[in-house]
Amino acid sequence: MELRNLVHELISISVIHRCRITKSASKVGLYFGQPMILEYIKEHNLCTQKELADSLHISPASVATSIKRLEKSGFVRRSTDKEDVRKNRLSLTDEGLNILKEFRSICDETDKEMFRGFSEEECEMLCNYLQRLYNNLDTENLTNCQMKAEIQKNEERVKAND
């Protein structure tokens, strides 16, 4: 088997999975990028918008736009930091927690469907193979320019879907 065919299969799986997850997000009223923002806020309650932007490698302007939409939808609450009024602290509303739980449930079903017919042992073997592939790609040799370009592409995708 040619390696090009294997790489094509890996990329195809990633694209199909991403499309399914994006479709799942829209079913519950979320746009691409918003679930990862909600997940981060859930795990880092009362984080700042800057912390969120830095962690997800998206611009503060993108975060501000997304937070405004999520707040308008009733999923996120923004409050002023008690020690520094220039900072906004983010938390999920009950509705935000519920929508995230519903989205996560749909995603879990997609993942189960994807691995239907695989044994636990096969899943562990696949995980090991994928980790080896990842480790074989020397990410330290990527230049800052390449990484910035990838981050910028991600930001543009988030903006386009908001």
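Biologist: How many aromatic pairs does the structure hold?

Modeller: Bear in mind that this is a predicted model. Two rings, those of Phe115 and Phe118, have their centres 5.7 Å apart, and a pair needs centres within 6.5 Å. The count of aromatic pairs in the structure is 1.

Biologist: Which kind of pair do Phe115 and Phe118 make, stacked or edge-to-face?

Modeller: Look at the angle between the ring planes, which is 75 degrees. Planes over 60 degrees apart count as edge-to-face. So the pair of Phe115 and Phe118 is edge-to-face.

Biologist: And what is the relative accessible area of Phe118?

Modeller: Its partner Phe115 counts as partly exposed at 31% relative accessibility. Partly exposed lies between the 20% and 50% cut-offs. Phe118 is partly exposed too, with a relative accessible area of 41%.

Biologist: OK, on to the fold: in what order do the elements run from the N terminus on?

Modeller: There are 7 helices and 3 strands to place. From the N terminus on, they run α-α-β-α-α-β-β-α-α-α.

Biologist: Which helix gives the most to the lining of the largest pocket?

Modeller: That pocket holds about 530 Å³ of space, and Glu9, Leu10, Ile13, Leu126 and Leu130 are the closest to its centre among 15 lining residues. Helix 1 (3-27), helix 5 (94-114) and helix 6 (120-136) each supply at least two lining residues. With 8 residues, the top contributor is helix 1.

Biologist: How many residues of that lining are nonpolar?

Modeller: Split the lining by class: 2 residues are polar and 2 are charged. The nonpolar count is 11.

Technical notes:
Residues numbered from 1 in each chain as written. Predicted model: local features only at pLDDT ≥ 70, side-chain atom pairs only at ≥ 80, totals over all residues. Heavy atoms only, no water. Phe/Tyr/Trp six-rings, centres within 6.5 Å; stacked < 30°, edge-to-face > 60°. Buried < 20%, exposed > 50% of the residue type's maximum accessible area, 1.4 Å probe, protein only. Helix = DSSP H or I, 4+ residues; strand = E, 2+ residues; numbered from the N terminus. 1 Å grid on protein atoms, 1.4 Å probe; cavity = no way out; pocket = protein on both sides within 12 Å on 5 of 7 lines; lining within 4 Å. Points joined across faces, edges and corners; volume = space filled by probe spheres on them. Nonpolar A, V, L, I, M, F, W, Y, C, P; charged D, E, K, R; others polar.
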